[in-house]
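Good morning, and thank you for the opportunity to speak. I should like to guide you through one structure, beginning with a single contact and then widening the view. Please look at the sequence and the model as they appear.

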Amino acid sequence: MAALAPATGALRRLKQRSQFVKAARGNRAGRPAFGMQSVSVDDEAPGVGFTVTKKTGNSPERNRIRRRLRAAVTMCASDFVAGHDYVLVGRREALNEPFSRLVRDVSQAIARVHTAKPNSARPGATRAKGERNNRS
RNA sequence: CCAGUUGACCGGGUGACCGCGCUCCAGUGGGUAACUGCUGGAGGGAGGAAAGUCCGGGCUCCAUUGAAACACGGUGCCGGGUAACGUCCGGCGGGGGCGACCCCAGGGAAAGUGCCACAGAAAGCAAACCGCUUCGGUUUACCGGAGUAAGGGUGAAAGGGUGCGGUAAGAGCGCACCGCGGGCCGGGCAACCGGACCGGCACGGUAAACCCCACCGGGAGCAAGACCAAAUAGGGAUGACGCGGGGCUUGCCCCAGCCGGUUUCAAGGCCAGAUCAUCCGGGUUGGUUGCAUAAGGCGUCCUGGUAACAGGCGUCACAGAUGAAUGGUCGCCACGUAUCGCGUUUCGGCGCGGUGCCUUACAGAACCCGGCUUAUAGGUCAACUGGCAUU
RNA sequence: GCUGCCGUAGCUCAGUGGUAGAGCACCCCCUUGGUAAGGGGGAGGCCGACAGUUCAAUCCUGUCCGGCAGCA
């Protein structure tokens with residue numbers, strides 16, 4: 001595990017509701033431990049946000065999921081493309097997944113999100129269901 | 001040693017690498033502004049329940065809120081402690097346990113009202129279905145009158161219980177004990193306890209039914225509230241108070257009116273729109289403050305008290321996030337659990353070693369305190385109880 | 001974070017201290033050549049969970065569990 005050195009790169013943290021709603025319309029990629037949503041924005045540095053729904057578990061479990069995902073993201077921060085926002089929706093599997101697999105999944109999901117064609121992949125992108133309550 | 005009761009406490013440790021947010025200090029930038037970015041250093045960073053939001057307070061707003069009555073809500077053996085409490089401590093009464101100990105919304109049912117389904121003769125007034133006894137008629141077992149409430153049956157509950165006497169049969173009709181009621185005496189601050197005496201039984205349950213009594217309580221909540229910045233059309237509708245009166249020294253006073261759950265009184269404020277309430281529409285979804293020195297934590301400490309607790313002394317500076325920090329990964333150790341082997345045994349287990357799994361249970365501060373309730377793997381200590389063995 | 005409301009048949013809801021109901025849905029029968037509608041009959045519930053008060057609790061009281069609204 002000592003081979004896993006953190007990649008340096010300036011990452012913005014998404015904090016506002018509108019940013020999450022916008023990202024929900026973008027391209028998606030699913031992994032067992034999380035789901036990723038991405039959209040292009042007018043900002044140099046890539047932005048990352050985390051969200052875990054209340055249905056996933058109680059408060060300590062949700063905190064652990066978010067912290068493990070956050071640690072995995074800092075490991076491969078250089079993989080994020082500038083000018084894009086990413087939202088990771090945490091799932092229960094993130095509690096028990098080995099950490100090395102988590103890191104690999106994050107970079108794979110980034111690649112997958114960018115190979116899919118924007119907009120054409122999700123024609124119903126403006127649907128209101130994206131505004132469901134997904135605060136952690 | 002085994003089983004148990006009560007109380008108190010802990011609830012992973014350590015090393016390496018990498019990170020997060022806060023405070024202070026130093027340096028350096030940005031913004032119209034409220035404010036804020038970056039670099040370096042130092043410090044500190046979840047709980048016993050942080051939870052549920054069930055009680056009680058602090059604090060803030062409703063301009064302030066004192067007195068009385070009513071309404072509404074709560075509490076409910078007695079005494080104490082507390083800022084306060086439905087919590088806590090001590091005592092009393094009742095119930096459970098061999099015991100240590102545990103549990104109890106535990107005022108009033110002779111102030112009044114209501115209810116007690118079905119069953120049953122009868123459900124609160126006292127009565128009498130089957131009976132029992134006796135008298136009369138008829139006479140095979142039937143009918144009527146009188147007495148009675150022991151026995152049967154119904155029910156959750158049937159107007160004291162047991163025994164002896166007594167009687168036509170019976171009955172507190174009489175007696176003994178128990179229960180119940182009454183005043184008296186003694187102890188106790190009190191709840192209550194004890195004693196002798198009298199009464200001959202009269203008084204069912206339900207107040208987590210209405211109610212009565214005593215005591216307590218104004219409402220809303222940090223998304224309260226205050227400030228800064230930005231933006232918009234300081235918009236519209238409905239309702240309420242209402243376009244007051246008088247005096248004069250012409251900007252003040254008096255009267256009326258309005259302001260609290262309701263009414264009255266008292267102080268105070270407002271008094272004519274820049275008013276208040278509700279609804280609709282529009283803009284913003286930024287920042288600061290409130291915000292952590294407080295009923296604060298700790299102590300083989302001292303004094304008073306059985307105790308809760310109070311007073312004193314000493315000492316410490318100890319989380320402040322807001323898509324929400326307090327962590328992630330790896331190694332070692334400890335603990336737990338499953339399994340295998342060996343040893344031991346009072347056949348319940350215990351000890352040692354190896355391997356796998358879990359890396360812990362319940363669970364994450366959101367203005368802050370005091371409690372309650374609920375969840376919680378495993379472990380430690382103290383006191384006490386019952387049993388067995390030994391001395 | 002704070003405040004309020006609600007858990008009864010598969011669904012939508014009544015109900016009240018004394019063995020629980022309506023409408024729709026479901027099953028069977030009648031009607032029709034057949035279906036729908038209509039008529040008749042039937043089944044389906046430990047009234048969210050656990051304690052307490054009461055002779056008796058869906059109802060009264062307390063504590064939990066689950067769900068739904070509102071707030072600057």
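Let us begin at asparagine 63, where an N or O atom of the side chain lies 2.7 Å from a base nitrogen of RNA strand B. Please keep in mind throughout that this is a predicted model.

Two arginines make contacts of another kind. In arginine 67, a polar side-chain atom is 2.7 Å from a phosphate oxygen of RNA strand B. In arginine 68, an N or O atom of the side chain is 2.8 Å from a phosphate oxygen of RNA strand B.

Which elements give two or more residues to the surface near RNA strand B? They are helix H1, residues 17-24, and helix H2, residues 59-75. The most is given by H2, which supplies nine residues.

We may now consider that surface as a whole. RNA strand B is surrounded by 22 residues, and the closest are Arg13, Asn63, Arg66, Arg67 and Arg68. Of the atoms of RNA strand B that come within 4 Å of the protein, 61% belong to sugar and phosphate. Sorted by class, the surface near RNA strand B holds nine charged, seven nonpolar and six polar residues.

I turn next to the sheet. As a general reminder, the strands of a sheet pair through backbone hydrogen bonds, and they do so either parallel or antiparallel. Here there is an open sheet of five strands with mixed pairing, in the order E1-E4-E5-E3-E2. Strand E1, residues 12-13, and strand E2 stand at the edges with a single partner strand each, so one side of each has no neighbour in the sheet.

Let us follow the pairings from the E2 edge. Strand E2, residues 27-30, pairs with E3 in the antiparallel sense over four bridges. Between E2 and E3 there are three residues, and the two strands form a hairpin. Within this pairing, arginine 28 stands opposite glutamine 37 in E3.

E3 is also joined to strand E5, residues 84-90, by seven bridges, and these two strands run antiparallel. Here glycine 35 stands opposite valine 89 in E5. E5 and E4, by contrast, run parallel and are joined by five bridges. Glycine 47 has aspartate 85 in E5 as its bridge partner.

How many of the residues of strand E3 are buried? The answer is six of its seven, so to speak mostly covered, over residues 34-40.

The helix H1 also has a covered side. Its buried residues are Phe20, Val21, Ala23 and Ala24. Viewed down the axis of H1, these buried residues fall within an arc of 165 degrees, and therefore they line one face of the helix. Among the elements that cover the buried residues of H1 are E2, E3, strand E4 (47-51) and E5.

I shall close with one residue of the sheet, histidine 84, which has its place in strand E5. Is histidine 84 buried or exposed? Its relative accessible area is 19%, and the limit for buried is under 20%, so histidine 84 counts as buried. A polar atom of the histidine 84 side chain lies 3.3 Å from the backbone oxygen of alanine 82. Leaving aside residues up to four places away in sequence, histidine 84 touches Arg12, Ser38, Val39, Ser40, Val41, Pro46, Gly47 and His114.

Thank you for your attention.

Notes. Residues are numbered from 1 along each chain as its sequence is written. Chains are lettered from A and ligands numbered from 1 in the order in which they are written. This is a predicted model: local features need pLDDT of at least 70, side-chain atom pairs count only at pLDDT 80 or more; totals for chains, interfaces and linings use all residues. Side-chain values use heavy atoms; hydrogens and water are left out. A residue is near a molecule or strand if one of its heavy atoms lies within 4 Å of it. A polar contact is a pair of N or O atoms within 3.5 Å; within protein, one must be able to donate a hydrogen and the other to accept it, and residues adjacent in sequence count only if both atoms are side-chain atoms. Ala, Val, Leu, Ile, Met, Phe, Trp, Tyr, Cys and Pro count as nonpolar, Asp, Glu, Lys and Arg as charged, and the others, Gly among them, as polar. Buried means under 20% relative accessible area, exposed over 50%, partly exposed in between (1.4 Å probe, protein chains only). Two strands pair if DSSP finds at least two bridges between them. The arc is that of the directions from the helix axis to the C-beta atoms. Contact means heavy atoms within 4.5 Å.
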